[in-house]
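Colleague: Please put the model up. I would like to go through the surface, the cores and a few residues.

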Amino acid sequence: MSNDNIQAVLGESRIFPPAAEFVAKSRVDAKKMAELRAAAEKDHVGFWASLARQELSWNKPFTVTLDDSKAPNYAWFTDGRINVSYNCIDRHLEKRGDKLAIRFESEPGVVTTLTFKQLHGEVCRLANVLKSLGIRKGDRVVIYLPMSPSAVIAMQACARIGAIHSVVFGGFSAQSVRDRVEDAGARLVITADGAHRAGHVVELKKAVDEALNEGCKTIEKVLVYKHAGNQIAWKDGRDLWWQDLTAKAAAECEPEWVEAEHPLFLLYTSGSTGKPKGVQHSSAGYLLGAHQTTQWLFDVREDDVFWCTADVGWITGHSYVCYGPLSNGTTIVMYEGGPMTPDAGRFWKICQDHGVTIFYTAPTAIRALMKMGEKFPLSYDLSKLRLLGSVGEPINPEAWIWYHHVIGKDKLPIVDTWWQTETGSVMISPLPGATPLKPGSCTQPIPGIFADIVDESGELIPGLDQGGYLVITKPWPSMLRTIWGDNERYIKAYWGQFGNKYYVAGDSAHRDKDGYYWILGRTDDVLKVAGHRLGTMEVESALVAHPRVAEAAVVGRPHEIKGEAIVAFVILKGQRPTGAEAEELIKELKNFVAKSMGPIAKPDDIRLADNLPKTRSGKIMRRLLRSIAKGEEITQDVSTLENPAIVAQLAGKE
Ligand code: WTA
C-alpha cells in the first residue's frame, strides 16, 4: 500500500457530525442505526430475511434465506420467485403512476421525461419485441446504448422477461463489444445509431458492425435505437429499428416470475488477468442490496430527485440509476454527456434545472470541477440539494472539503460509499443522519455487512489503528454469485487467497482508532483511472497486440484529477527508435490502445526501452516500475535484478 496515502490519511482529523436539521427528517438516525446494527449482529441471516420480506414484492415468498451448502457459492432466498422489473415499476403504478420516474437531458440539451406509467408502457413494449425476436428467459442480451432512458428501458425489459443483460459502456471499443458478446454467448445486441459525448457523436452502431464483422456468431439480430440521427450502415435481415418494432408492440407484458437466484445481469470488469470477467449477479439478492442501500444511504423520500452521474455501463449506473432508486419509487435524473460540455457549469445547471436533491458522483469529476473554480457552481441555484455522495475511488480530503463547502454550503452530508462491481451495492459508508463524517474515510460497514482486515497470512487483525487487506467475513445478499462460465476463477479470485474463509476485496484499508475505514487502494494489478477500473494486464495485452511490440509492463502513477494515470514501459521487436521516430511510434501505440480498448485506457505515458527490470526468476519488478513512473529516486534494492543497468534507462537517465 502506498505510503503517501497512509500519511495523508493519518494527517486528517476533522470530524463533521450530521446536522440536526438533517437528522430530524432522516430515515435512520444514530439510535435507529445502532438498533439495525445490533439486530444484524445478533442474527445476520434473519436480519436480511426480514428486510427482504418487508421491502421486496414477491410472487412466491421464500422460506430458505441463505443456502451455504455450496460455499463460497452462496445462494439467497432460494425458493422465492420474483421479478425485478415488477419491483421497480409495476408496484408503484397505483400510488405513483403519474410521478416522474425519469428526467432525461441529452447533451445537446433536449429534456424528456417519463412517468412510472409511461416507463411501464415502454418497458412492456420492448419486452414484447424481445419476445417476438425469440429472446427467452436465460438468454443473454448485450446492451450498448447512450446514457439515456433507452438504456434503462432495455435493462428493465430484459429483467421483465428473465433475459440476462450485459451492458457494455458506450465508451468501450468494438473489440470490447466482441469480447463480451462472445464470452456471454449473447443472441441479441441492443444499440443506438450514436451517442453524444463532449460535443461529438460516438458511433455506437458502427462499432457493433465492426464487432460483428469478425466473430460474434451467436448474434442473430441487432436492435437499433434512433438517437443521435447520424448515418449508419444497415444489414437487412439482421438490423431492426427499435422504434419501428415497439410502435407496433402491445403496452402490456406479464412479468416472468423467476427464481430468486436467476441471473439478472452480467457485468464485465477488470481483474488481474488480461481478460475481463463477467461478474454474475442474482435477481432478488441483488435487488435487495440496491434497494436497501438507496433507502439507507441516500435517505430517499417521496419528493426527492436523485441524480447519480455514473453511466449505466458501470455497476454504479446499474445499482443507483436503474435499479435501486426505481425500486424505491424515486425520480431519477439521467444526463447523456460530459461534465464540461459546453462548460464546467453543466452539472450544476442540471442540478438547478431539474431540482436535484441528491447528487452522487465520482471524485474524479469533483476534482476536475474543483479545478475550474467556484465561479461555476456559484452561478447556479443549488439550494434544493440536501445530500451528496462520492463513489469509485478514494476521495482526497481536499476535494472532500471543497465538495462540502462549495456544493454542500458547509451543511450537507457527504456519503463516501465504498463498494465494487462484485459487491452489487454499497458496503462501507456513512448513514447520513447517523454517522459523523471524516473527510477521506468511507467510515464504517453498513448494518448487515461485516468487513474486517487481515494480514498477509489471512489472520484477522484485531483492534484499532491497524492496516491490512480488506475482507468481508459474512455473505451478503447482493454479492456476486460467480464469474460467468468460470466458477473456478470466481473462487480463486475472491476467496482463494486466504483459504476460502473470506471474500477478499483486493483493496488495502486502514482502520483508525474510531473503527473508521480508510481505503488505501488496490492490492492487485488493477488501476482506477478516472474511477474506471482497468487491469494492467489488459492494457499490456492490448499493447503486445501491436506488431512492433515485444513486451509491455503497465503501472499506475498518481494523477491530480484522474486519481491514477497509465504509464506503459514497452520493449520493441528490433531496433528501438529515438527522437521524432520514437515520438511518432509512442503516439501510434497510445492510439492503438485507445482503439482496441476505448479512450479511457489510452496510456498517458509510454516509455520505450531495451528491457524491463526483472528478477533472476524472470518476474517483472512492478514496484520498481511504479517508482520510476512517479519519477522517484530509486532507493530500493536492485541487486536481485538480472539487469540492474536497465533502471537508469527506464528513468530516462541514459
Ligand atoms: C475503489 C465501483 C475508495 C476500490 C463502485 C474498489 C473506492 C474499486 C471507493 C471497485 C471509495 C470504490 N473509496 N475506493 N468510496 N469506491 N473504490 O468495481 O478500489 O468499478 O475495489 O466499483 O473501486 O471498482 P468498481
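Modeller: Start with the surface: the accessible area of the chain is about 24900 Å², by the Shrake-Rupley method with a 1.4 Å probe, where for residues only the protein chains shown count as cover. This is a predicted model, in which local features need pLDDT of at least 70, side-chain atom pairs count only at pLDDT 80 or more, and totals for chains, interfaces and linings use all residues. Residues are numbered from 1 along each chain as its sequence is written, and side-chain values use heavy atoms, with hydrogens and water left out.

Colleague: What share of the accessible surface belongs to carbon and sulfur atoms?

Modeller: The total to divide is about 24900 Å². Carbon and sulfur atoms take 51%.

Colleague: How does the radius of gyration fit a chain of 654 residues?

Modeller: The radius is taken over C-alpha atoms, and the globule rule is 2.2 Å times the number of residues to the power 0.38. The rule gives 26 Å and the chain has 24 Å, so it is as compact as a globular protein of that length. The C-alpha box along the principal axes is roughly 75 × 65 × 60 Å.

Colleague: How many helices and strands does the chain have?

Modeller: Both are DSSP runs numbered from the N terminus: helices are H or I with at least four residues, strands are E with at least two. The count is 22 helices and 30 strands.

Colleague: What percentage of the residues count as buried?

Modeller: Buried means under 20% relative accessible area, exposed over 50%, partly exposed in between (1.4 Å probe, protein chains only). Of the 654 residues, the buried share is 60%.

Colleague: Which helix gives the largest share of the largest nonpolar core?

Modeller: A nonpolar core is a set of buried Ala, Val, Leu, Ile, Met, Phe, Trp, Tyr and Cys residues joined through side-chain atoms within 4.5 Å. The largest has 137 residues, and Leu130, Ile190, Trp296, Phe298 and Tyr323 have the most contacts inside it. Nine of its residues, the largest share, come from residues 149–161, helix H8.

Colleague: How many residues are in the second, separate core?

Modeller: Its members include Leu388, Ala399, Val406 and Ile407. The size of this second core is 29 residues.

Colleague: Is lysine 137 buried or partly exposed?

Modeller: Lysine 137 sits in the loop between helix H7 (116–132) and strand E6 (140–144). Beyond four places in sequence, its contacts (heavy atoms within 4.5 Å) include Ile161, Glu256 and His262. At 33% relative accessibility, lysine 137 is partly exposed.

Colleague: What is the relative accessible area of glutamine 280?

Modeller: Glutamine 280 lies in strand E15 (residues 277–281). Beyond four places in sequence, it touches Pro263, Phe265, Leu266, Leu480, Arg481, Thr482 and Trp484. Glutamine 280 is buried, at 12%.

Colleague: Why is helix H10 called largely enclosed by the rest of the structure?

Modeller: H10 covers residues 204–213. Its buried residues are Leu204, Lys205, Ala207, Val208, Asp209, Ala211 and Leu212. H10 is largely enclosed because its buried count is seven of 10 residues.

Colleague: Which elements do the buried residues of H21 pack against?

Modeller: In H21 (residues 622–630), the buried residues are Arg622, Leu624, Leu625, Ser627, Ile628 and Ala629. After the helix comes glycine 631, with a positive phi near 80°. The packing partners are helix H19 (536–544), strands E28 (549–559), E29 (563–572) and E30 (605–609), and helix H22 (646–650).
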